[in-house]
Amino acid sequence: MGQKKALLIDISLCVGCNACQAACKAENHLPEGDEKTLSLSAFTALSEHDGLFVRAMCQHCDIPTCVSACPVAALEKRADGPVLYSADKCIGCRYCMQACPFHIPRYEWKSTRPGIKKCILCAPRLEKGLPTACSEACPTGATKFGDRNELLIEATNRITADSGKYVPKIYGKNDVGGTSVLYISPVPFEKLGFDTRLGQEPMPILTMNALSKVPNVVGVGSVMLAGIWWITNRREDVAREEGSNKQDSNHKNRG
Amino acid sequence: MKTFKFPRITFWGVVATTLIVLGVGAAIARFTLGLGATTNLSDEFPWGLWIGFDFLGIGLAAAGFTIVAAVHLFHAKDYEPIVRPAILTAFIGYLLVVLVLVIDLGRPDHFWHPLVMWNPHSVMFEITWCVILYTTVLSAEFAPIVLEKFNLHTPIKWIHSVSLPLMILGVLLSTLHQSSFGSLYLIVPNRLNPLWYTPLLPILFFISCIASGVSMVILETLILSRKGRTLLPPELRANLAKITAVALAVYLVVRFQDMFTRGTVAELKHLTYHSLAFWFEIIVGFVVPLVLLLSNRIRHSRRGLYVTTIMVLAGFAANRMNVAVTGLEKYPTHTYFPSLLEVLIMTGIAAIGFTAFTLIARYLPIFPDVAPPEPDQHPFSSLSPAIEGD
């Protein structure tokens, strides 16, 4: 599998030609057509914000929310980057869709055996040592494929080389714990529809904080409940032994 | 009692039958046409009415573990007569929730996958296991009632021999599982409205389920105590109302303390779609019933308890629906309203629940079999009646 791969998307270089989407559709055998939002037939889509184009796609998080949410481990993160889905395991609970901070998975609502669809970072191509279809198709180099570490260095270089051209942030470097899709932008990310309030902590930590208390609840709880049972039971036994008559117990003052 | 009577045609019988027939029809449509054609669920709202209904059903079923804990673990023996109705409520509640979940799943044919494909990091995984295990515990707690009917005393003895660990397990599973429903939403801090999102969601879900579970028991004793039969003396019923009041008070303190410390209380400054939903839930379901239950007269009045418990349950339902649906809406652009078929499936399943309760209560020994309002002899225990009788 080798190094963790990633995409570096330079928003200042994107001209909105949509070659990435066309290549993606061809690679994944999806129906052709110009689509502006993610759908079952578009795993990536360009949206325009004041003359700048932003590519939406699965961010392939390092510690993916969807992977932690899935009750049957139908989603998995591969060491070389892609977050993959297996429909054979999926029970269709849609918790991944609810949980994904980037709102990526699309559901086959029309099917009677539905699953989700999303970008798989061209995992089969990566195995052959090829870059993703979208990066290969990009005529301006706005989407660049490579090792994540190297792309981070390159992104930093581009930002520092021309101070003022970019805002000093690599979106995806640390957001939700880091992703395999990195963005640099000439304008603040909030203005391009990015959610910049997600924080640097991986989302799965939020539920793990609660889940990690489960063993404690079980351990302490069972001892406590058994203890309470023992004490109340003992109290009854003692009361009975002492020969106090039945009317004394608790609140038997009903008329 | 023992003679078989041909079922009479009653108003509620007709209503229930209609709802069940409509619900079954809607379920057939859902399975043949798929979720997209029959529901208003979408990529924006992958979860809707049914998840809210699950939360509600599980919350009402909290009656089961609270009463079992009170009577059998804490030895509040006076409440013995309501153990069986509470277990029955919980058992039916859980079975119905499982039914709704299976209907809600995109791949109901894969429902068994969590048993063999594990992901302990998933809240959904924990919930699935808790539901399965607790439904098993409930069937073991319910089994003696059926066995007793058919005079099978040996299996009852077996169950009785493990009843203590079984009951402790049941209480623990309920605790985990009631709170896990809140944990589900810990992962959407960016999407759930701050009026509902808090790291304390699991704790708030647990506290409120005690209020709703006990309210459900009170409501049941009120309804079932009508025809000249007193299920629970008014004094004990008033005590249950006190427990509800305490749970409501604790809930309000925790919820508002959290909102003040985290600053989310600022969301209430303006009257919005969300703040209206919030105030409805808090005032109807928590503040007003709490104030009413502080009065000794209301705690002893049938009408007072009817009103307060129904308010608690309505507020509880509003709270769960707000977390599951309203809190995720972005008014007015991203909203969700259930489709007719979603509603019909839900009402159909609710009708199945009420019908099942009524029929089981009629044919199995759920209530102390003494018609006069003074049950003098020791009422039978839920788990070991046959043995004590020996």
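**Exercise 1. A bridge inside one helix**

Task: Classify B:Arg262 as buried, partly exposed or exposed, then describe its pairing with B:Asp258.

Solution:
- Start with accessibility. B:Arg262 has 37% relative accessibility in this predicted model. Buried needs under 20% and exposed needs over 50%, so B:Arg262 counts as partly exposed.
- Turn to the partner. B:Asp258 has a relative accessible area of 6%. That is under 20%, so B:Asp258 is buried.
- Check the pairing. The side chains of B:Arg262 and B:Asp258 form a salt bridge, with N to O at 3.2 Å.
- Place the pair. Both residues sit in helix H11 (residues 234-262) of chain B. They are four residues apart, about one turn of the helix.

**Exercise 2. Bridges across chain A**

Task: State which parts of chain A are linked by the pair A:Asp147 and A:Lys5, and which by the pair A:Arg78 and A:Glu127.

Solution:
- Take A:Asp147 and A:Lys5. Their side chains meet in a salt bridge of 2.6 Å, N to O. A:Asp147 belongs to strand E8 (residues 143-147) of chain A, and A:Lys5 to strand E1 (residues 5-10) of chain A. The two are 142 residues apart, so the pair links distant parts of the chain.
- Add exposure. A:Asp147 is buried at 16% relative accessibility. A:Lys5 is partly exposed at 22%.
- Take A:Arg78 and A:Glu127. The closest N and O atoms of this salt bridge are 2.5 Å apart. A:Arg78 is in the loop between strand E4 (75-77) and strand E5 (83-85) of chain A, while A:Glu127 is in helix H4 (residues 123-127) of chain A. The pair therefore ties together parts that are 49 residues apart in sequence.
- Add exposure again. A:Arg78 is buried, at 12% relative accessible area. A:Glu127 is exposed, at 53%.
- Put the pairs in context. Over all chains, the whole structure has 25 salt bridges.

**Exercise 3. The interface of chain B and chain A**

Task: Describe the interface of chain B and chain A by its buried area, its contacts and its side-chain classes on chain B.

Solution:
- Begin with area. The size of an interface is often given as the accessible area lost when the parts come together. Here chain B and chain A bury about 5,000 Å² between them. Carbon and sulfur atoms carry 61% of it.
- Count contacts. On chain B, 57 residues are in contact with 58 residues of chain A.
- Count the polar links. There are 21 residue pairs in polar contact across the interface, with both residues at pLDDT 80 or more. Three salt bridges join chain B and chain A.
- Name a cross-chain bridge. A:Arg94 and B:Asp104 pair through their side chains at 2.4 Å, N to O.
- List the elements. Those of chain B that give two or more residues to the side touching chain A are helices H1 (11-33), H2 (35-38), H4 (62-73), H6 (113-116), H7 (123-149) and H9 (163-183). H9(B) provides the largest share, six residues.
- Sort by class. The side of chain B that touches chain A has 33 nonpolar, 14 polar and 10 charged residues.

**Exercise 4. Two crossing helices**

Task: Give the geometry of the packing between H3(B) and H10(B), then its residues.

Solution:
- Pick the descriptors. Two packed helices are described by the angle between their axes and the distance between the axes.
- Read them off. The axes of H3 (residues 49-60) and H10 (residues 201-224) of chain B come within 7 Å and cross at roughly 65°.
- List the residues. H3(B) contributes B:Phe55, B:Gly59 and B:Leu60. H10(B) contributes B:Phe205, B:Cys209, B:Ser212, B:Gly213 and B:Met216.
- Classify them. The contact has five nonpolar, three polar and no charged residues.

**Exercise 5. Two buried residues of chain B**

Task: Locate B:Asn193 and B:Tyr251, and list their contacts beyond four places in sequence.

Solution:
- Place B:Asn193. It lies in the loop between H9 and H10 of chain B. Its relative accessible area is 13%, so B:Asn193 is buried.
- Find its contacts. Leaving aside neighbours within four places, B:Asn193 is in contact with B:His274 and B:Gly327. The side chains of B:Asn193 and B:His274 make a polar contact of 3.2 Å.
- Place B:Tyr251. It lies in helix H11 of chain B. B:Tyr251 is buried, at 2% relative accessible area.
- Find its contacts. With the same exclusion, B:Tyr251 is in contact with B:Leu204, B:Ile207, B:Ser208, B:Glu281, B:Phe286 and B:Asn319.

Terms used
Residues are numbered from 1 along each chain as its sequence is written. Chains are lettered from A and ligands numbered from 1 in the order in which they are written. This is a predicted model: local features need pLDDT of at least 70, side-chain atom pairs count only at pLDDT 80 or more; totals for chains, interfaces and linings use all residues. Side-chain values use heavy atoms; hydrogens and water are left out. Axes are lines fitted to C-alpha atoms, for helices over the stretch in contact, and angles run from 0 to 180 degrees between N-to-C directions. Contact means heavy atoms within 4.5 Å. Ala, Val, Leu, Ile, Met, Phe, Trp, Tyr, Cys and Pro count as nonpolar, Asp, Glu, Lys and Arg as charged, and the others, Gly among them, as polar. Buried area is the accessible area (1.4 Å probe) that two parts lose on being put together, summed over both. A salt bridge is a side-chain nitrogen of Lys or Arg within 4 Å of a carboxyl oxygen of Asp or Glu. A polar contact is a pair of N or O atoms within 3.5 Å; within protein, one must be able to donate a hydrogen and the other to accept it, and residues adjacent in sequence count only if both atoms are side-chain atoms. Buried means under 20% relative accessible area, exposed over 50%, partly exposed in between (1.4 Å probe, protein chains only).
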